[in-house]
Amino acid sequence: MNMSNMINVFSATKRSRWVGAAMFCSLFFTLNAFAIAGPPPVISLQPTNRTVSLGSNTTFTVAVTSSSALTYQWYFNGAKIAGATTNVYTRTNVQLTNAGPYYVAITNSGGSVNSTNAVLSVISGSPPVISLQPTNRTASLGSNTTFTVTATSSSTLAYQWYFNGVKIAGATTNVYTCANAQFTNAGPYYVAITNVAGSITSASAVLNVLPTTNRVLPAPWVSADIGTTRLTGSAYAVSNLYTVNGSGASLSGALADQFHYVYQTMPGNGSLKAKIVSQSGTNVNGYAGIMIRETTATGSAFIFAGRQGNGTVVARSRTATGGSTVSSNGPSLALANFWVELLRTNNNISALSSSNGTTWVTVQTNKFTMATNVTFGLFVTSGNTNVLDSDVFTNITAVP
Amino acid sequence: MGRTIIWAALLSLALVLTWRAVQPDIAPANAPTPVDPAKIGTAAVDPASSLSTASPVDVVPIAAQPVPIVESSPAPEDPEKTAAVISTMTEAEVCNGLAKLTNQDLPGNTGRLLLRRWVELDPAAAIDWVAQQGDTDVRQELVDVAAIAWSQQDLPSALAWVEALPEGGAKPQALADLGYEVARTDPVSAMEIATQLPASDSANGLFLHALSQCASADPGTSRQLALALAPGPLRDQALTIVATVQAKEDGDGAARFAVENISPGPDLDRAVMGVVQLWAQNDLPDVSAWVQTFPDSPIRDQAVQSLGMFDTR
């Protein structure tokens with residue numbers, strides 16, 4: 001029915017003419033008002049579904065574009081939520097009864113629009129709880145060892161084990177077995193356990209890998225970890241190849257030293273020579289080398305000649321107990337031709353390097369006030385308390 | 001109008017930030033008070049009471065004006081550069097450097113070096129400051145650092161200070177560390193220190209180290225001391241050390257001493273190999289003859305191999 005038809009219908013009587021005129025005017029002003037108010041609001045961002053734990057808070061948000069002032073009203077399960085009259089609605093201390101659809105009605109002078117439904121889901125369970133933490137393990141080289149964790153949960157659990165902070169592929173149950181343990185497997189392990197309500201990370205458990213018992217150091221060598229090392233070092237010799245496994249973060253400055261030391265008594269003057277055959281780590285704070293050390297205490301005076309993790313020849317000394325160190329770099333040497341030597345003559349000790357074991361270059365000479373009887377030997381530190389380096393020495397000539 | 005208010009607010013904020021940037025840093029609660037250079041070296045210390053409690057009384061002389069930290073703060077990533085910078089610091093610079101460190105950082109490389117430098121400049125003030133550290137763990141570490149540093153310039157005073165500390169806490173470790181310093185000149189006293197310490201690997205290590213120094217200076221006394229120990233691993237290790245050191249001068253006597261006194265096992269093997277290495281340097285024929293008497297065993301093989309090295313030198 002168009003406007004002229006409407007007027008004709010009511011034009012039969014004079015009274016009807018007045019009524020028709022009034023309706024026309026009303027419709028005219030309504031249409032005119034619409035034209036002034038502009039369009040209804042347009043939602044640029046709909047509220048999204050939420051999944052939260054029981055007792056937590058959650059917020060729904062809507063974003064709207066409009067050319068005139070807006071009013072909001074949020075609804076839950078179709079019922080108006082008292083006081084929920086902004087573009088953001090926060091539900092605190094969420095309970096199971098709060099789960100369901102939420103939407104918001106937005107109005108401006110041009111009209112009204114409803115958002116889509118956003119569903120609030122409430123998780124009634126809690127994150128997993130670890131009832132039995134994985135414990136430190138010590139494994140002989142080549143053996144198998146297993147870490148176990150036990151957790152309680154009201155819903156299904158997922159596990160992921162990590163070594164040195166890196167995810168272990170396929171290690172996704174409550175037990176993890178390290179098969180054929182090598183020195184490179186030594187370090188911290190933990191597991192992340194997840195259920196629908198959250199996740200928890202276990203305590204870190206350390207795997208120590210020890211050499212098999214038939215691999216020993218020949219007399220008069222003994223070995224020990226110097227300083228507080230997180231991973232236990234070890235050493236053994238087979239056919240004049242000395243393998244030294246050591247960890248530790250510090251072997252410089254005034255800090256307490258951390259390394260594994262294979263040593264014997266050095267009564268007075270003497271010398272020590274060795275060829276470094278391999279170095280497993282590349283940390284610039286890691287070293288494999290030979291050392292003359294006054295004592296096995298952590299702040300002892302020492303001098304060493306060795307190979308830094310980046311391949312550099314380094315000589316370093318600490319001339320006074322607890323003092324700082326002084327370092328000198330030597331020439332570049334290939335690992336296949338990496339020889340080092342220490343020579344003690346009274347109070348002077350020199351650190352030398354060589355590419356062939358015959359022609360030697362002095363890297364550092366320093367004066368010490370060490371006791372007469374000191375120690376000398378091989379050492380390895382990884383530069384990282386969580387890593388155990390495994391380095392090999394040969395052609396060792398010890399003249400105490 | 002509105003724009004004027006916004007600009008005024010921004011200007012005020014900028015002024016506040018600029019003012020804060022030019023203010024001197026506020027020292028942490030545990031920082032040493034900067035020292036008046038005129039009073040350096042004058043602080044008195046009572047060793048007996050210096051570690052009893054964290055005293056609220058600041059015994060370090062107070063300077064009229066705070067001295068700013070040196071501009072050339074050492075780079076923490078290079079401990080040797082740090083040491084070089086700290087080695088030339090004045091006492092006031094050291095104090096301000098320590099004031100910049102948190103409790104967590106104090107036992108680190110920079111903290112240790114600053115404290116060592118302070119001990120070098122004014123040991124009495126330095127150890128008093130150490131005694132006032134409220135954190136027990138930090139204080140224990142710093143006591144050790146200060147004791148060693150002090151011992152390198154005045155061993156008797158350092159020893160007196162540590163011996164006067166309350167039992168437990170930092171005392172055993174500091175005493176053990178000083179024992180190694182004592183061992184250089186007076187190994188018998190160092191062994192006495194070791195026997196005062198609670199039984200531990202640390203105490204045994206000091207005893208054996210001091211015994212080895214004694215073995216060079218006074219072989220007879222060291223033999224008696226080692227033989228007087230109760231049978232067990234420590235005695236065998238002590239006898240091994242005595243035999244090895246003796247071999248430098250008297251291979252034949254050291255060989256007999258080892259075989260007659262050390263229980264068969266790893267320590268005897270170490271003693272035998274130590275003697276072989278040292279005796280071979282003076283008398284290769286005699287030591288070779290001795291090795292020929294060994295029964296077939298891994299230690300005989302090792303000894304023969306070791307002599308081969310000397311044979312070709």
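How many salt bridges does the rule find across the interface of chain B and chain A? Keep that in mind as we walk through this predicted model; the count is two.

**Stop 1: the interface.** Colour the chains separately and select the residues in contact: 34 from chain B and 37 from chain A. Together the two sides bury about 2,700 Å², with carbon and sulfur atoms giving 54% of that area. Now pick out Glu80(B), Arg184(B) and Arg270(B), which supply 21% of what chain B buries against chain A, more than any other three residues.

**Stop 2: a salt bridge.** Stay with Arg184(B) and show Glu294(A) as well: their side chains meet in a salt bridge, at 2.6 Å from N to O. Widen the view to polar contacts, and the count between the chains is 20 residue pairs, both members at pLDDT 80 or more.

**Stop 3: the helices of chain B.** Several helices each supply at least two residues to the side that touches chain A, among them α2 (79-86), α7 (171-185) and α13 (266-282). Select α13(B) next, since it gives the most to this side, with seven residues. By residue type, the side of chain B that touches chain A divides into eleven nonpolar, 13 polar and ten charged.

**Stop 4: a strand in chain A.** Finally, select residues 373-381 of chain A, strand β33, where nine of nine residues are buried. Add β24(A), residues 259-267, which runs antiparallel to β33(A) and is joined to it by eight bridges; here Val262(A) has Leu378(A) as its bridge partner. Then add β26(A), residues 287-293, also antiparallel to β33(A), with seven bridges. Look there for Ala288(A), which stands opposite Val380(A).

How values were computed. Residues are numbered from 1 along each chain as its sequence is written. Chains are lettered from A and ligands numbered from 1 in the order in which they are written. This is a predicted model: local features need pLDDT of at least 70, side-chain atom pairs count only at pLDDT 80 or more; totals for chains, interfaces and linings use all residues. Side-chain values use heavy atoms; hydrogens and water are left out. Contact means heavy atoms within 4.5 Å. Buried area is the accessible area (1.4 Å probe) that two parts lose on being put together, summed over both. A salt bridge is a side-chain nitrogen of Lys or Arg within 4 Å of a carboxyl oxygen of Asp or Glu. A polar contact is a pair of N or O atoms within 3.5 Å; within protein, one must be able to donate a hydrogen and the other to accept it, and residues adjacent in sequence count only if both atoms are side-chain atoms. Helices (H or I, at least four residues) and strands (E, at least two) are DSSP runs, numbered from the N terminus. Ala, Val, Leu, Ile, Met, Phe, Trp, Tyr, Cys and Pro count as nonpolar, Asp, Glu, Lys and Arg as charged, and the others, Gly among them, as polar. Buried means under 20% relative accessible area, exposed over 50%, partly exposed in between (1.4 Å probe, protein chains only). Two strands pair if DSSP finds at least two bridges between them.
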